[in-house]
Amino acid sequence: MTGEAPTRYDPRAVEPKWQAAWEAAQVFRAEADPTRPKYYVLEMFPYPSGRIHMGHVRNYTMGDVVARYKAARGHNVLHPMGWDAFGMPAENAAIEKGVHPGAWTYANIDAMRAQMKPMGFSIDWSREFATCDPEYYGQQQAMFLDMLEAGFVTRKAAVVNWDPVDMTVLANEQVIDGKGWRSGAPVERRELTQWFFRISDMAEELLEALDGLGAWPEKVRLMQRNWIGKSQGLQFAFETIGAPEGFERLEVFTTRPDTLLGASFAAISPDHPLARALEGDPEVAAFNAECRRAGTSEEALETAEKRGIDTGLKVRHPLDPQRTLPVWIANFILMDYGTGAIFGCPAHDQRDLDFVRRYGLPVIDVFKADPAAPDVAATAYVPPKSQTVTYLRGFAGERAMTGDAAVAAAVAYCEAHGIGRGVTRYRLRDWGVSRQRYWGCPIPVVHCPACGTVGEARANLPVRLPEDVRFEGSGNPLERHPTWKETTCPQCGGPARRETDTMDTFVDSSWYFARFTAPHATTPTDLAAADYWMNVDQYIGGVEHAILHLLYSRFFARAMQRTGHLPAKAIEPFDALFTQGMVTHEAYYTTEQSSAQLKDFGFEQGPGETSDTSFPMTIMRYHYPEEVEWRDGASFLKGTEQRVEVVPPTKMSKSKKNVVDPADIIDRFGADTARWFVMSDSPPERDVEWTAAGAEAAAKHLQRVWRLADEIARVGAEPGGVAGEEALDLTRAAHRAIRDVTADIEAFGFNRAVARLYDFTNTLSRAPADAPGMGAARVFAMRILAQLMAPMVPHLAEEVWARLGGEGLVATAPWPEADPAMLAEASVTLPVQVNGKRRAEIVVPAGADRATIESLVLADAAVVRLLDGAQPKKLVVVPDRIVNVVL
RNA sequence: GCCCGAGUGGCGGAAUUGGUAGACGCAGCGGAUUCAAAAUCCGCCGCCGCAAGGCUUGCCGGUUCGAGUCCGGCCUCGGGUACCA
């Protein structure tokens, strides 16, 4: 070894240097090349909020590891990046700060791109686009027109949250405790005519195709299956007694027709036409109005207290016309599912049981586990349909049968007696895409008084958003724009009005993956490019998109294929999916006492109250991690005596201020440290908690690898090459590292790959440097280490590679192959259990047979002692794994 | 409410198909180096117990020669719930 001090690794200098080298060699530029297998890796593109956060770093590092690994394995890799750029936050910024949504969005994109480039991701930036580019949304409008013509689009009424003060439609997120988030006014439900994609027509096909998605997580397929919600059941009509004209029959859908004899009431949604028809009764009107005050979200409806009102109407039981059931309006019946009307069977449905207990309606048992079982009391009896039960009031065959069989028999019986018919229903509803907002893709349709609703002429696309708009927080800016909506009808040429709804941003993200294959095409896609690059081989993103985004994309790919925008093979666009966890951090807050006045909450001043009528309240204030310090086993606001409350790690969010800015980490430690940290420790599908100590440890390790490489390079390889047992041991360890790290990367076990790389680094640094042939062995091992680390920490890997005289760039070097001859193990250590507890271990040659192992075990001192002269009852031998002696 | 996950030392986690629970890392402790410190290197490190030994993968029960892993019943936390993206 020479006496020189090792050079220190300086990421600030090294990282830009290699980024420039990759740029100069155009390493990440993707060009179609039919001679090589392609690989398309895609991470869910970001919303341009303004800053990248650790979640982005983790997501894109995972994709980058895959992209760099696949490139090293000889694939022609496509790894693009873009921006999901339409959406509400831009409009909120416009309202709050007076900036134009477009200016705000493009400034954010510039800022985020500038933060992302220093991360050294292997992205083909020449394919970048934002969904708010007219070149993108214009093509989206063209496809909308194709889909309109092909029958994939429809218009119908839908219910929205309406803020009566701001005169605007609210997103579910903007409804807090049933009140508008800005105005504080109680939200109303309002029905609007909206544009829909007819995704429900594809329910069966989307369901069946899930079976083919073998490289998707099972949980995502399950969630989609349940979301589509195929169910088979009976639809029939009750004959009503005393109902208003036109409501002589009440259509009901049930998945449990076998429980029809247990019906004790019928119930309809407050939004059911019959419920509306009865609003002449002030009590009914008041009840319905009350129900409509809650938000429109399923969560709000389903978690609300179960309440109802008796309409006084009756219906006849179809199997027993002498029996009549009361008709209730109940807040838990969804108008969107089935027919908006049900019959209640409290004995076998917990929600119905809770309801009848509250309102004193009868409970009628239909079946029991066995005839002697007690009657239903506090909990409904709801066994799986596959279970055999005994029907007490059977009308459909045998008394003892499974629920499934009974349902089928009940449907057959009802069909034979003209009571109803078996139907298949899906929970999946059509996809409403209309948004009454400015910052979205305009729906390219014109309303003409003469021709009706007409698609805009292709020559007029894109229908651009107007620039001169004002944002005041009320109404739809496009609707209020003085001239934008005035146009001429593309059919008759007469004056007409533009559609002022824009599209749901989920539309934008439902085809961007296809656009990346030909981002500058003058048609939505280029079929040759799509044919080469599709499908996405590996898609990576958050599990929060498991249902909506992925289902909409699957629908869109099918619709695009049928309108000629994608090849047939792309109807399932994502071959493999990986859902990664979030990056979390503790959150910190302090509380302070304050006072508030009722008028602060929008209440009017009461008669006896003066303007200073106030009440105490506690205000919570969040603080950034760097404002907090630990002292005497407690946390304080830095430099003060104020105690800080610590919230367990949650998703990093601006509102909780528990964010760590990747830019700060890059400034301090470099991009490789950030990349190494987010790949370490936590399995990628699970949440990872960001800690300052972890980041420092990552930086230290990378420095250590550099020192080791530098030292090995100084010593160099002796001319004789690898020789000697110790040098051979190190070489074997290198081959094992290749085998294990490769397997871990293939299996998305990045944390395991990192652990193995730590292990291998330890082995390498502890190998005796002066053993014979060790110089060559160490140079070989160090180069392997650099290559195996390259997908995670590409800059350090290039520097080490260059220091060791590696040829060209690691980024373009082929992935190392493990030599099977170097992997064989001579002997194995077998644990010996006695009665299932480990008591000894024996070393046997690899592949030793049962007899050899048995004789070794029975001769083992510990086993002999425990046997104490007796014969074992049983000897379980699993060759190469374990031995269990049963006494 | 409903659907889907997750729970292992002080902490993040590891553990082919049921086969040595705790790899690797963080924190901590001890030592070397140093005038001292930083940095670095070496060692120890689940819990109880002086020890022999016993206990231990959210809780309760089961299957098995053997359970973190399989089955049944809970608890807690997280994601989604159709206009957040």
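**Exercise 1. Which strand does alanine 400 lie in, and is this residue buried, partly exposed or exposed?**

Solution. The model is a predicted one, and the first step is to place the residue: alanine 400 belongs to strand β16, which covers residues 400-402. The second step is to classify its accessibility, and because a residue counts as partly exposed between 20% and 50% relative accessible area, alanine 400, at 48%, is partly exposed. The third step is to list the contacts of alanine 400 beyond four places in sequence, which are with Thr388, Val389 and Thr390. As a last step, take the C-alpha atoms of alanine 400 and alanine 24, which are 376 residues apart along the chain and lie 77 Å from each other.

**Exercise 2. Work out the strand order of the open sheet that contains β3, and state which strands form its edges.**

Solution. Begin with the order, which reads β4-β3-β7-β18 for this open sheet of four strands, with antiparallel pairing. Next, find the strands that pair on one side only: these are β4, residues 168-170, and β18, residues 431-432, and they are the edge strands. Then examine the pairing of β3 (residues 153-163) with β4, where three bridges join the two antiparallel strands; asparagine 161 stands opposite leucine 170 of β4. Finally, add the helix: α5, made of residues 134-149, lies across β3 and β7 (188-197), and α5 runs at about 85° to β7.

**Exercise 3. Describe the second largest pocket by its volume and by the residues that line it.**

Solution. Start from the volume of the second largest pocket, which is about 440 Å³. The lining of this pocket consists of 27 residues, and those nearest the pocket centre are Val27, Ala71, Ala72, Ala811 and Thr812. Sorting the lining by class gives 15 nonpolar, seven polar and five charged residues. Assigning the lining to secondary structure, one finds that α2 (54-72), β2 (76-78) and α24 (794-803) each contribute at least two residues, while the largest share, four residues, is that of α2.

**Exercise 4. Locate the cis peptide bonds that lead into proline 462 and asparagine 535, and give the omega value of each.**

Solution. Take first the bond from leucine 461 to proline 462, which is cis with omega near -5°; proline 462 sits in the loop that connects β21 (452-455) and α13 (477-480). Then turn to the bond from methionine 534 to asparagine 535, which is also cis, here with omega near 5°. Asparagine 535 is placed in the loop between α16 (527-533) and β25 (538-542).

**Exercise 5. For methionine 167 and aspartate 880, give the phi value, the loop and the accessibility class.**

Solution. Consider methionine 167 first: its phi is near 55°, a positive value although the residue is not glycine, and methionine 167 is located in the loop between β3 and β4, the two strands joined by three bridges in Exercise 2. Methionine 167 counts as partly exposed because its relative accessibility is 47%.

Now apply the procedure to aspartate 880, a residue other than glycine whose phi is likewise positive, at about 65°. Aspartate 880 occupies the loop between β35 (874-878) and β36 (882-886), and because its relative accessibility is 39%, aspartate 880 also counts as partly exposed.

How values were computed:
Residues numbered from 1 in each chain as written. Chains lettered and ligands numbered in written order. Predicted model: local features only at pLDDT ≥ 70, side-chain atom pairs only at ≥ 80, totals over all residues. Heavy atoms only, no water. Pairing = 2+ DSSP bridges. Contact = heavy atoms within 4.5 Å. Axes fitted to C-alpha atoms, helices over the stretch in contact; angles between N-to-C directions. Buried < 20%, exposed > 50% of the residue type's maximum accessible area, 1.4 Å probe, protein only. 1 Å grid on protein atoms, 1.4 Å probe; cavity = no way out; pocket = protein on both sides within 12 Å on 5 of 7 lines; lining within 4 Å. Points joined across faces, edges and corners; volume = space filled by probe spheres on them. Nonpolar A, V, L, I, M, F, W, Y, C, P; charged D, E, K, R; others polar.
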